[in-house]
Structure formats: C-alpha cells, structure tokens
Amino acid sequence: MRKISFKLGLLFFVFVLGVETILFVSLYVTLVHSRINEEFEQLLARGNNHRDVLEKNYNPSTLEHVTMMESEAETDVVITNENGKILYFSDHILPFAKRIIKKANNKNIPHSGMIVQKNWQKEAHISTVSPIRIDGKIKGYVYMFQNTDSIQNMIYKLKHHFIMVGILSVFLTIITIAFLSRVITIPLIRMKEATEKLSKGDFSVRLQIKGENELAELGKAIQTLARDLEYLKKERNEFLASISHELRTPLTYVKGYADIARRPNMGEEERNRYLSIIYEEAEHMQKLVKDLFELAKMDQHSFQIHKKPTNLCSFLKKLHDKMHPAFQAKKMSLVYYCDGNITVHIDQKRFEQVMMNLLDNALKYSDQGSTVSIDVRTEKNNIVIIVSDEGRGIPEEDLPHIFERFYRVDKSRSRTSGGTGLGLAIAKEIVEAHGGSICAASEYGKGTNMIITLPEG
C-alpha cells in the first residue's frame, strides 16, 4: 500500500508540476513581453515629446536644451537633419548611433515615430526615431537610445523572483500532495487490512469511513460484505448443525432398530414393527434430502419455474379435492372462496407444492372441529391468497423466523409433527421466484394467516 501511496503521490506531483511549469512559463513570457513593450513605448513617447518641442521651437538653443536634458538622463538622444546628418548628440552614443541612423535613413518613418532597434538581447541599446515636421516638410529626426543593461537587469530580477516563487510552490506542492495522498491512502490501507482479515475468515471487521465519495462507498461495500459473510458463516454453521441433528436422529433409530431386528430370537410380529419404524425413518431422511436438494438448486440459481396462465379458482378446487380426505379424517373443514375470473401466471407444480405445505401445516397444528380456509382477493394490481387456520398460532418471538431454514416453533422436534423445518423456506423461495412475497400474521392461541401476494396477470 505504501507503493500505491508513493506512486499516487508521484503521479499527482508530476501532473501538478507540469501544470505549474506551463503556467509559470506563460506568465513569465507574458510579463517579459509586457515590460519590454513598456520600455519601447516609454522611449518612443520621450522621443515624440522632444520632437513636439522642436516642432514648436526649432532653433539652436532648443536643440542644445534637448541634448543637455538627455545627457543627465539614462537615455541618449541624437538629432539629425532631413538627410541624416548628425547635428546634436549625447555623450558616448555616436558610434552606435551612426549605424542605426544609416539603417533607418531609407525607411518611410511615420509622424508617430517607430522603433528602429528592438534586439535588446544582443545589442547594447534599443532605439526609436521620431520625425520633425515643420510646415509639412521633414526638418530632421530625433533618435532616442536606451542602454539594454537596465532591461537585462529587470529581466534578471524578474527571472530570480519567478525561480524563488517556483521553488516555494514546488515545496508547498510536495507537502500538499504528501498530505493528500496520505488522506486518500489511509482509508485504502484500512480496507486492505479489512480484506486481509476477511480472506483469513475473520468477519468481525468494522470500517469507520465518513463521507459520500467513492472511497466511502467502497468502504461501506466492504463493511456490508463483511456483515454478509459473517451472517453466511453463522447461517452455514447453523445449517450444518441442523442437518447433523436432523440426520442423526433417524439414523440412530435406523441403526438401533436394525440391530434389534437382526436378533435371531425375535418374533415375526415384533420384527415387522421394528422394520416399520426403520421404513418410517428412512422416508423421513428421503424427504429431508429431497428438500435439501430443492434448496441447493435455489441457491445455485439452477432452480427454474415454468409459468403459464392458470385459472386460480380451478387450481384451488383441484387442491381442495386432493386435501379434503385428509382434513375429513381429522374431522376438520377445508373451504375456499374465489372469484371464478381470476387468472395468474404460475408454475402449477411448484405452486401446488407451496399450497400443500401451508395446508399441511394448518392441518398438523389445528385441532379437530376447526376450519381451514383459503381466501383469494384482488388488491391494487396484486392477487392475495390467504390461508387461515384456527390452530394454536405462532408465538410473537418466533414469527419473524418461521421462514428460516430448519427453524421450528415446535422446539421438541417431534418425529410425528416436527417435519424437516425446510417447508416454509422452500415455499418462500418458490413464491419469490414467481415475483411475489409471503408473510405470516398470527395471534398465539387463536390461529395463523399465511398471506401470499402475486402480481396480477
């Protein structure tokens, strides 16, 4: 993770440094050009001012005055006649001025003046020229010169300031990126440690990551995964313990009664009674294995349903006719209420399995003389099927768990009434595969309502 932190910080640094370099270079070039243009404009404006004075008073006294003014300034001046002959000039500028005057003499110079030497990087001076026009005729020219040392010094100072600011900005960038990369990578380090614990089977990880960004969402996803894996581990252990318990009891009966039945002095009638018990327990194990196989297919998503349009009332009538003898044998009533025009899309075989399970539970946990009813309603584009009984009901603390695998309200796990504890779990999976839902409402001692909701059509 430290390698990721270093690479991330280095990537940020290179990117930010590149952006800063581009911005600093652009700003530096812009400032340099701006300052140099200001120097040229000031020099040209100074020459134009002298030109304006001479156009008003063109005489030797004014010419000498202008030359004297520039001798005390950082700039130099050269005044020529209309043919380029030097009339007046400042000290030490004459050799350079002759070359500039010769180069500018053949050019068409506007009255606003022009720059005749702008190469400040290689030449000793920059220069401008302003024509003196009197009565519409060129009387002469004012050449202004400025030593480039001042410009070079200004550029040097500007470059020095940029270098200092650049070093400071790089230093601050490094500190900022180191801090930000640490802020970003600390949650990643915690997530890495959490996933390592998960890979070792420790699902008790807790990540405290705040915010609504992508890292926070990733942390919440890992936390959710940890809780789910912890739940699955707990459920798996309970599932295996339940299977072991469910198989241990019938196997104990089978082995024990088989040993008894093998005794040579056993009477035929008694032997047959023990063999019947063995057969009963074998059937119980067969049903358990069948239910487990059904759940395994559901968990592996290989469980398929084949829905087709079904008249619900006709379906329930066939179911009533099939179950009626069992209810009659226990002296109970089974009734159903259904509008003959209700059509649903169901897998008839699978849905019959659901209804048989609910009716079998109602038969098993209700007393003689009571009534079990099936009521069909249409509510808000849904079809609701309610299986009601008048049995012993389900305690409030057990109600949220009855659809869990191997959960029994009857904690005694009676061989005659306990079942496998998988029937409601399978029923829930089948109903949800139809796009519906199943729930229970019960009052202990007064009966239970099992409510199935299916989409209409």
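**Group meeting talk: one disulfide, two helices and a few residues**

Okay, let's start with a cysteine: Cys-439 is partly exposed, and its relative accessible area is 39%. Keep in mind that we're looking at a predicted model.

Now, the sulfur chemistry. How many disulfides does the structure hold? Just one. Quick reminder for anyone new: a disulfide is a covalent bond between the sulfur atoms of two cysteines. Here the partners are Cys-313 and Cys-338, with their sulfur atoms 1.9 Å apart. What does the bond tie together? Cys-313 sits in helix 7, residues 312-329, while Cys-338 sits in the loop between strand 7 (333-337) and strand 8 (343-346), so the bond links parts that are 25 residues apart in sequence.

Why do we call this disulfide left-handed? Look at the torsion about the S-S bond of Cys-313 and Cys-338: it's about -80 degrees, and that makes the disulfide left-handed.

Are the two partners buried or exposed? Cys-313 has a relative accessible area of 10%, so it's buried, because buried means under 20%. Cys-338 comes in at 24% relative accessibility, so that one counts as partly exposed.

Next up, helix 8. This helix covers residues 348-364, which is 17 residues. From the first C-alpha to the last, helix 8 reaches 24 Å, close to the 24 Å you'd expect at 1.5 Å a residue. Which residues of helix 8 are buried? Among them are Arg-350, Phe-351, Val-354 and Met-355. Further along helix 8, the buried ones include Asn-357, Leu-358, Leu-359, Ala-362 and Leu-363.

Let's hop over to Thr-173, which you'll find in helix 4, residues 148-199. Thr-173 has 9% relative accessibility, so it counts as buried. What does the side chain of Thr-173 reach? The backbone oxygen of Ser-169, at 2.6 Å. And if you leave out residues up to four places away in sequence, Thr-173 touches Phe-13, Val-16 and Glu-20. Find those three on your screen and you can see who Thr-173 is in contact with.

Last stop: Glu-270. This one belongs to helix 6, residues 268-299. Its relative accessibility is 33%, so Glu-270 counts as partly exposed. Where is Ile-260 compared with Glu-270? The two are 10 residues apart along the chain, and their C-alpha atoms are separated by 9.7 Å.

So, if you take one picture home, make it the disulfide: Cys-313 in helix 7, joined to Cys-338 in the loop between strand 7 and strand 8. That's me done, thanks!

Key:
Residues numbered from 1 in each chain as written. Predicted model: local features only at pLDDT ≥ 70, side-chain atom pairs only at ≥ 80, totals over all residues. Heavy atoms only, no water. Disulfide = S-S within 2.5 Å. Helix = DSSP H or I, 4+ residues; strand = E, 2+ residues; numbered from the N terminus. Buried < 20%, exposed > 50% of the residue type's maximum accessible area, 1.4 Å probe, protein only. Expected span 1.5 Å × (residues − 1). Polar contact = N/O pair within 3.5 Å; in protein donor to acceptor, adjacent residues only side chain to side chain. Contact = heavy atoms within 4.5 Å.
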